[in-house]
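Work through the exercises below with the sequence and the 3D structure open. Each task is followed by a solution in steps.

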Amino acid sequence: MIPDKNGNTAKNPGDTSEKMGSFNLFDPVHFLQRILRNWYWFVILGFLGYCISYVYSRYYAQRVYASTLSLSISNNTASYFTPNQSINFIWGQGGNQDGVYLKKILLSRSHNEFLVKKLNLITSYTTKGLIKSTYLDQEDSPVFLEIDKNHPQQVNYPISLIPKGGNKYEVVLPDDGESVYLYNYNTEGTQEVPHYQRPKNKIIRVNEWYQSPNLRFKLVNNPTAGHLGLENIIVTLVPINQAVNSIIGSLNIDFDKELASIMIITKSGYNLNNTVNFLNNSVDVLIKKRLTDQNMVDRNTVEYLNDNLSLIRKKLDSSAVVLNNLKINNRLFDMENIDSKTLQKLNDLDAQKAELTTKINSLNSIKNSVYSNNIEKMISLNAAGIEDGSFNASVSELKALYEKRRELAQIYTPNSEPMREINRLLSDARNSSESGLRKYFDGYNNKLADINAQIAAMDKSLVTLPEKQRIFLDAQRGYNIIENTYNTLLTEQAKSQMRVATNQSNLTVIDKAKNLGQAPIAPNVNGTKMQIMGGLLLIPLIFLAIGELLDNRIRNLKELLSVTKIPLLGVIGRNNYENNLTVLNEPKSSVAEAFRAVRANLRFLFNEEEKSKVILVTSSISGEGKTYVSINIASVLGLSGKKTVLLGMDLRKPKIFGDFKINNKNGISNYLTGQVGMDEIINKTSIPGLDVITSGPIPPNPSELLMSDNNMRFIEKLKESYEYIIIDSPPVGLVADSFELMKKADTTIYVVRHEYTEKHMLRMITEKYFNKEVSNLGLVYNDYVAKQGYGYGYGYGYGYGYFEEDKNYKEPTIIQLRNRIRTFFNRK
């Protein structure tokens with residue numbers, strides 16, 4: 001961006017005053033460059049994440065497996081377990097009462113507690129490798145651990161068994177963790193024992209009892225051939241309730257979407273064989289138990305029906321005798337005075353009444369069984385017309401609780417806490433059953449009342465009949481009711497006898513659970529790997545993003561020019577030399593060439609009519625390179641044959657004398673105070689056209705000296721002798737001296753250092769430029785390091801290897817060390 005002679009660029013700065021000094025908080029392009037420059041962190045952390053995920057997956061992650069069993073529910077039996085209804089339904093719409101009941105059974109505590117005790121699932125087996133523990137199925141272990149249930153045991157306490165050969169195992173217990181609260185497997189409660197020392201390790205033989213204050217068990221050989229040869233077996237005892245809850249939590253039961261009579265049972269666990277064995281055993285137990293219950297219920301129903309048929313038969317014979325006597329004595333054989341429709345209606349109502357009475361009687365029998373602790377005498381719910389799966393479940397629960405109470409009664413006294421708790425559960429289960437029965441009682445009684453009302457209404461229309469006919473009609477109706485009841489019982493008896501003769505379970509296993517080498521269902525190893533790697537890759541990304549947001553330095557030349565709209569005079573590369581005399585010491589270097597480009601661009605800011613030009617060099621703060629730029633601008637002007645003088649007017653922090661190796665005893669501060677004359681402060685240099693006037697000793701009042709009339713006259717006097725006067729002034733961001741000096745300057749060079757100058761520091765000079773308080777202002781972008789693959793696009797580039805000095809240039813060792821340290825700590 002080269003300014004014209006009037007100091008204007010391609011656009012008028014005043015046209016975009018709304019943008020002055022407003023830098024973007026976040027630069028996506030620079031952020032992407034920063035990421036690319038730090039690519040190695042992403043490679044390192046990505047590789048580290050891969051290694052961590054591999055170690056986690058290989059040595060720490062516990063695989064979770066699942067096996068599945070499919071079960072068909074057919075409707076070929078009837079009991080209080082099996083509602084007599086079609087199960088061709090859509091699951092979820094309330095029709096699958098039997099399926100719901102079976103699901104509740106499989107997830108019930110009583111069913112799974114039975115399996116825990118049968119399969120000895122109170123023991124869990126693992127083996128410990130160098131790092132990872134592996135869960136075993138019981139059949140994988142060469143020995144089983146058989147406990148003495150009469151002895152209190154410490155649960156959740158790992159017992160290590162180390163094979164010693166010859167059917168010998170060393171029992172190794174943990175170094176700590178002994179508890180005085182032990183678990184009793186008979187009472188399923190805890191008991192406290194006196195304090196004891198940690199049991200010592202001991203070698204025992206198979207079938208030899210091991211006893212300590214907190215354990216008593218023996219080892220039994222596994223008769224299954226082909227068990228694993230393990231270096232150690234770790235057995236942990238768990239309470240029954242914990243084992244049951246763990247199993248219930250690992251079960252999932254659903255129904256086939258196309259055929260809801262197919263039940264899909266899935267169990268998950270850390271060992272595939274364990275899940276397979278449990279599912280197959282669970283369903284086998286369910287089928288056997290279901291068949292036993294069905295046979296018991298059907299036999300109870302046959303016995304109940306036989307007893308009732310005997311009573312009804314006697315009533316039927318007595319009623320037939322009465323009816324025959326009436327026919328013989330009164331010679332009545334039909335009811336010719338009664339309308340046939342009325343008579344048929346009466347017969348139908350009597351038949352319905354007989355059927356309802358039979359159901360109510362059956363319902364009373366069921367009620368008595370529920371409330372009399374006599375579930376074993378339960379008859380078929382179908383005899384009472386009950387088709388309610390939830391009631392079936394409550395009855396089954398009640399039966400399990402009665403059995404549990406009988407077991408506890410042998411151990412606890414009637415007023416003990418466990419007995420009170422089981423009685424409370426029984427009361428809740430009875431109330432649940434009662435609510436189900438009440439619904440049927442209410443329905444039957446309402447129907448019976450309605451039938452009785454209809455019969456009573458018809459009886460009123462028969463009061464006009466002769467007395468003999470009414471007596472005969474009553475006798476005939478009584479006989480019909482008893483006969484209908486008898487026929488109903490006969491029908492139910494035939495059904496029950498048929499079921500007893502041909503009874504079989506209505507559950508059929510379609511596909512048994514098998515170990516087919518199923519892949520684990522969890523954890524998601526690939527997902528975990530991506531999470532670990534992604535999390536580690538986010539660390540440098542987050543730090544870089546935070547650094548980008550907190551980094552308020554000028555990092556982008558294009559953004560600087562677009563926001564400030566101040567003309568750019570040139571871009572100066574990084575000074576890799578030992579001093580600031582780059583143009584004098586390395587005149588053919590790329591940096592020296594950049595200063596010549598600045599010299600060429602300065603003429604666009606000058607008034608060509610002026611014979612002598614004053615150039616003031618300033619910056620925002622110290623350290624941005626204004627002295628470096630001042631020295632080299634003065635050098636290129638002196639080398640070009642122009643009579644030039646360099647003034648060190650940064651009286652607070654003088655520097656120029658050191659680079660030129662000039663004595664700073666006498667300088668501008670001495671001259672302005674009248675201590676010396678002008679001839680005594682002018683110093684010659686190796687360049688014939690360049691003189692240097694240093695700042696002199698640091699005065700107590702630098703601002704007053706610089707803004708004094710004497711200083712202005714001093715500059716005017718220098719203009720008589722020199723074509724160019726270069727002023728190295730104080731930074732404008734710290735003191736106001738330079739603003740006064742700008743009034744005497746023909747051109748002001750404002751030095752901005754790459755990735756050093758703060759953005760907010762440019763706002764003041766930008767506002768003064770837009771407000772026309774500063775004119776003929778140009779920027780020099782200093783200390784720019786071109787990153788490979790990125791350019792600033794303004795034609796002020798430089799590159800080592802193009803210029804002669806740069807081609808064979810080798811940095812001094814101290815500079816190399818400095819640059820390496822700076823590069824390490826200044827990585828963006």
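## Exercise 1: An edge strand and its sheet

All six of the six residues of strand 16 are buried, so strand 16 is largely enclosed by the rest of the structure. The model is a predicted one.

**Task.** Place strand 16 (568-573) in its sheet and identify what pairs with it and what lies across it.

**Solution.**

Step 1. Trace the sheet. Eight strands make up an open sheet with mixed pairing, in the order 16-23-22-17-21-18-20-19. Its edge strands are strand 16 (568-573) and strand 19 (683-684), each of which pairs on one side only.

Step 2. Find the partner of strand 16. Strand 16 pairs with strand 23 in the parallel sense, over four bridges. In this pairing, V571 stands opposite Y781 in strand 23.

Step 3. Look at another pair in the sheet. Strand 17 (residues 613-619) runs parallel to strand 21 (residues 724-728), and five bridges join them. V614 is opposite I725 of strand 21.

Step 4. Add the helix. Helix 14 (residues 590-602) lies across strand 16, strand 17, strand 22 (747-753) and strand 23 (777-784). The angle between helix 14 and strand 16 is about 170 degrees.

## Exercise 2: A three-stranded sheet and a salt bridge

**Task.** Determine which strands stand at the edges of the sheet with the order 4-11-10, then find the salt bridge that E146 forms.

**Solution.**

Step 1. The sheet is open, has three strands in the order 4-11-10, and is paired antiparallel. Strand 4 (143-147) and strand 10 (209-212) are at the edges; each has a single partner strand, so one side of each lacks a neighbour in the sheet. From one strand to the next, the twist averages 25 degrees.

Step 2. Strand 10 and strand 11 (residues 215-221) run antiparallel and are joined by four bridges. Here W209 stands opposite K218 in strand 11.

Step 3. K218 also forms a salt bridge with E146, in which the closest N and O atoms are 3.9 Å apart. E146 belongs to strand 4 and K218 to strand 11, so the pair ties together parts that are 72 residues apart in sequence.

Step 4. Classify the two residues. E146 has 37% relative accessibility and therefore counts as partly exposed. K218 has a relative accessible area of 18% and is buried, the cut-off for buried being under 20%.

## Exercise 3: Salt bridges elsewhere

**Task.** The whole structure holds 28 salt bridges. Examine the one between K626 and D650 and the one between R553 and D551, and decide for each residue whether it is buried or partly exposed.

**Solution.**

Step 1. The side chains of K626 and D650 meet at 3.1 Å, N to O. This pair links distant parts of the chain, 24 residues apart: K626 is in helix 15 (residues 626-639), while D650 is in the loop between strand 18 (644-648) and helix 16 (656-660).

Step 2. K626 counts as buried at 6% relative accessibility. D650 counts as buried at 8%.

Step 3. In the salt bridge between R553 and D551, the closest N and O atoms are 2.8 Å apart. R553 is partly exposed, at 23% relative accessibility, whereas D551 is buried, with a relative accessible area of 8%.

Step 4. Widen the view. R553 and D551 belong to a network of salt bridges that also links R34, E548 and R555.

Step 5. Locate R34. R34 is one of the buried residues of helix 1 (residues 28-37), together with H30, F31, Q33 and I35. The buried residues of helix 1 pack against helix 2 and helix 11 (525-550).

## Exercise 4: A surface patch and a buried serine

**Task.** Contrast the settings of V55 and S160: which is buried and which is partly exposed?

**Solution.**

Step 1. V55 is in helix 2 (residues 39-60). With 35% relative accessibility, V55 counts as partly exposed.

Step 2. V55 contributes to a nonpolar surface patch of about 820 Å², made by Y50, Y54, V55, Y56, Y59, Y60, L130 and I131.

Step 3. S160 is in strand 5 (residues 159-163). Its relative accessible area is 19%, so S160 is buried.

Step 4. Leaving out residues up to four places away in sequence, S160 touches E170, V171, V172, I233 and I234.

Notes
Residues numbered from 1 in each chain as written. Predicted model: local features only at pLDDT ≥ 70, side-chain atom pairs only at ≥ 80, totals over all residues. Heavy atoms only, no water. Pairing = 2+ DSSP bridges. Helix = DSSP H or I, 4+ residues; strand = E, 2+ residues; numbered from the N terminus. Contact = heavy atoms within 4.5 Å. Axes fitted to C-alpha atoms, helices over the stretch in contact; angles between N-to-C directions. Patch = residues over 30% accessible without salt bridge, like charges linked within 9 Å, V, L, I, M, F, W, Y side chains within 5 Å. Areas by Shrake-Rupley, 256 points an atom, 1.4 Å probe, with all protein chains shown as cover. Salt bridge = Lys/Arg side-chain N within 4 Å of Asp/Glu carboxyl O. Buried < 20%, exposed > 50% of the residue type's maximum accessible area, 1.4 Å probe, protein only.
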